[in-house]
Amino acid sequence: MAKWVIKRGGKKAPFSAAKFKHSIGAACKDAHIPAKRTKTVVNKVSRPVLKFAAKRKTVATATLRKKALAVLAKVEPKAAKAWRKHDQRRRARRRRR
């Protein structure tokens, strides 16, 4: 499993599978996906992405996000749309600073 992630600013941080899974769950919540379906989606999406991360010592958060969104778009398109919308709002807030 990857021990480190490289964040947008280049900062290195410990990798957390739980934090990654939480991001998927938050996207499902934003898309108003029922809890039971959310659990299924989190498992289906996280499995291949965590398998990818397991082969590396360090991985960029942007890479994890890109891979997760690709799988999420197939499994639960509404949640992928919610995640992208969240990213857009966050980028807009950053530009205003």
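The following paragraphs describe the sheet, the helices and the nonpolar core of a predicted model.

In the unreviewed UniProt entry, residues 3-94 are listed as "domain: ATP-cone". Over this stretch the chain is 73% helix and 10% strand, and the C-alpha atoms at its two ends lie 28 Å apart.

The strands form an open sheet of three members, arranged in the order 2-1-3 and with mixed pairing. Strand 2 (12-14) and strand 3 (58-60) occupy the edges, and each has a single partner strand, so one side of each is left without a neighbour in the sheet. From one strand to the next, the twist averages 35°. Strand 1, comprising residues 4-6, runs antiparallel to strand 2, and the two are joined by three bridges; within this pairing, W4 of strand 1 stands opposite P14 in strand 2. Helix 3 packs on the sheet, where it touches strand 1 and strand 3, and its direction makes about 65° with that of strand 3.

Helix 3 also packs against helix 4, at an angle of about 145° and with the two axes 6 Å apart. On the side of helix 3 the contact is made by R65, A68, L69, L72, A73 and V75, while helix 4 contributes P77, A79, A80, W83, R84, D87 and R90. By character, the residues of this contact divide into nine nonpolar and four charged, with no polar residue among them. One of the charged participants, R65, lies in helix 3 and has a relative accessibility of 17%, which is under the 20% limit, so R65 counts as buried. Residues up to four places away in sequence being left out, R65 touches R8 as well as W83, D87 and R90, the last three of which belong to the helix 4 side of the contact.

A second charged residue of helix 3, K67, presents another situation, in that its relative accessibility of 33% falls between the limits of 20% and 50% and K67 therefore counts as partly exposed. Beyond its neighbours up to four places away in sequence, K67 touches V49 and F52, both of which fall within the span of helix 2 (35-54). The C-alpha atom of K67 is separated by 9.0 Å from that of V45, although the two residues are 22 places apart along the chain.

In soluble globular proteins, nonpolar side chains tend to be buried together. In the present model the largest nonpolar core comprises 26 residues, of which F15, F20, I24, L64, L72 and W83 touch the most other members. At least two residues of this core are supplied by each of helix 1 (17-30), helix 2 (35-54), helix 3 (61-75) and helix 4 (77-96), and helix 2 gives the most, with seven residues. The surroundings of I24 illustrate how these elements come together: when neighbours within four places in sequence are set aside, I24 is in contact with V41, V42, V45, S46, L72 and W83. Of these partners, L72 and W83 also take part in the contact between helix 3 and helix 4.

Outside these packed regions, H32 is found in the loop between helix 1 and helix 2. Its phi is near 60°, a positive value in a residue other than glycine. With a relative accessibility of 70%, which is over the 50% limit, H32 counts as exposed.

Note on methods: Residues are numbered from 1 along each chain as its sequence is written. This is a predicted model: local features need pLDDT of at least 70, side-chain atom pairs count only at pLDDT 80 or more; totals for chains, interfaces and linings use all residues. Side-chain values use heavy atoms; hydrogens and water are left out. A nonpolar core is a set of buried Ala, Val, Leu, Ile, Met, Phe, Trp, Tyr and Cys residues joined through side-chain atoms within 4.5 Å. Buried means under 20% relative accessible area, exposed over 50%, partly exposed in between (1.4 Å probe, protein chains only). Helices (H or I, at least four residues) and strands (E, at least two) are DSSP runs, numbered from the N terminus. Contact means heavy atoms within 4.5 Å. UniProt positions are given in the numbering used here, feature names are shortened, and annotations may be inferred rather than shown by experiment. Two strands pair if DSSP finds at least two bridges between them. Axes are lines fitted to C-alpha atoms, for helices over the stretch in contact, and angles run from 0 to 180 degrees between N-to-C directions. Ala, Val, Leu, Ile, Met, Phe, Trp, Tyr, Cys and Pro count as nonpolar, Asp, Glu, Lys and Arg as charged, and the others, Gly among them, as polar.
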